[in-house]
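This report describes the fold and the ligand surroundings of one structure. Please keep the sequence and the coordinates at hand while reading.

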Amino acid sequence: MADCLFCAIVSGDVPAEVVHTTERTLAFRDLNPQAPLHVLVVPRDHHANAADLAAGDPEASAELVRTAAAVAAAEGYADDYRLVFNTGAGAGQTVFHTHLHVLAGRDLGWPPG
Ligand code: 5GP
Ligand code: ZN
């Protein structure tokens, strides 16, 4: 999709530190990490958010989660990591190409009470 940052990363037009690839997904380090491990897993095909991806390509949706687990394990956090899909600007989504945040390596707690 034109003018999509993560499509440009998938195509290689914008550089990123890629840590894992599969047939349908790409995983790369977040530019502004919020934890010692902060990786984004994206489908190679453009979908705006997690629900669109699940509806349009369920296998890629499942592969996103499998890739996230593989990345966490490869980085030494097999048992303790957080997966996040921000959906909608009001919830903090800034890039409208589905991406699964993989966060680990600090006390993540839970949304502050
Ligand atoms: P969102 O806020 O949409 O859930 O997450 C977007 C994420 O993309 C943010 O955590 C932000 O730091 C990351 N990001 C924005 N631009 C770039 C970039 O050019 N390269 C990489 N690797 N990450 C980016
Ligand atoms: Zn895209």
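The sections below treat the sheet, the helix across it, the nonpolar core, the ligand shell and the N-terminal region.

## Basis of the report

The structure is a predicted model. The values given here were computed from that model.

## The sheet

Five strands make up an open sheet with the order 1-2-3-5-4, and their pairing is antiparallel. The edges are occupied by strand 1 (18–21) and strand 4 (82–84); each has a single partner strand, so one side of each lacks a neighbour in the sheet. From one strand to the next, the twist averages 20°. Strands of a sheet pair through backbone hydrogen bonds, in either a parallel or an antiparallel manner.

Strand 1 and strand 2 form a hairpin, with three residues between them. Three bridges join these two antiparallel strands. Val 18 has Phe 28 of strand 2 as its bridge partner, and Thr 21 is matched in strand 2 with Leu 26. Leu 26 also has a bridge partner in strand 3, namely Val 42. Strand 2 and strand 3 run antiparallel and are joined by five bridges. Strand 2 is largely enclosed by the rest of the structure, because four of its five residues are buried.

## The helix across the sheet

Helix 3 lies across strand 1, strand 2, strand 3, strand 4 and strand 5. Relative to strand 3, helix 3 runs at about 155°.

## The nonpolar core

The largest nonpolar core contains 22 residues. Those with the most contacts inside this core are Ala 27, Val 39, Leu 40, Val 41, Ala 68, Val 71 and Val 102. At least two core residues are supplied by each of helix 1 (5–11), strand 2 (25–29), strand 3 (37–43), helix 3 (58–74) and strand 5 (100–104). In soluble globular proteins, nonpolar side chains tend to be buried together.

Which residues does Val 71 touch, not counting residues up to four places away in sequence? With that exclusion, Val 71 touches Val 19, His 20, Ala 27, Val 39, Val 41 and Val 102.

## The shell around the ligand

Ligand 1 is surrounded by 13 residues, of which Leu 31, Asn 32, Asn 86, Thr 94 and Val 95 come nearest. By character, the shell around ligand 1 comprises six nonpolar, five polar and two charged residues.

## The N-terminal region

Asp 3 is placed in the segment before helix 1. The phi angle of Asp 3 is near 60°, a positive value in a residue other than glycine. Asp 3 has 6 other C-beta atoms within 10 Å and is therefore classed as exposed.

Leu 5 belongs to helix 1. Is Leu 5 buried, exposed or partly exposed? With 15 other C-beta atoms within 10 Å, Leu 5 is partly exposed. Apart from neighbours within four places in sequence, Leu 5 is in contact with Val 14 and Val 95. Leu 5 and Val 95 are separated by 90 residues in sequence, yet their C-alpha atoms are 7.3 Å apart in space. Val 95 is also one of the residues that come nearest to ligand 1.

Conventions: Residues numbered from 1 in each chain as written. Chains lettered and ligands numbered in written order. Predicted model: local features only at pLDDT ≥ 70, side-chain atom pairs only at ≥ 80, totals over all residues. Core = buried A, V, L, I, M, F, W, Y, C linked by C-beta atoms within 7 Å. Buried ≥ 20, exposed ≤ 12 C-beta atoms within 10 Å, placed from the backbone. Contact = placed C-beta atoms within 7 Å. Near = placed C-beta within 6 Å. Nonpolar A, V, L, I, M, F, W, Y, C, P; charged D, E, K, R; others polar. Pairing = 2+ DSSP bridges. Axes fitted to C-alpha atoms, helices over the stretch in contact; angles between N-to-C directions.
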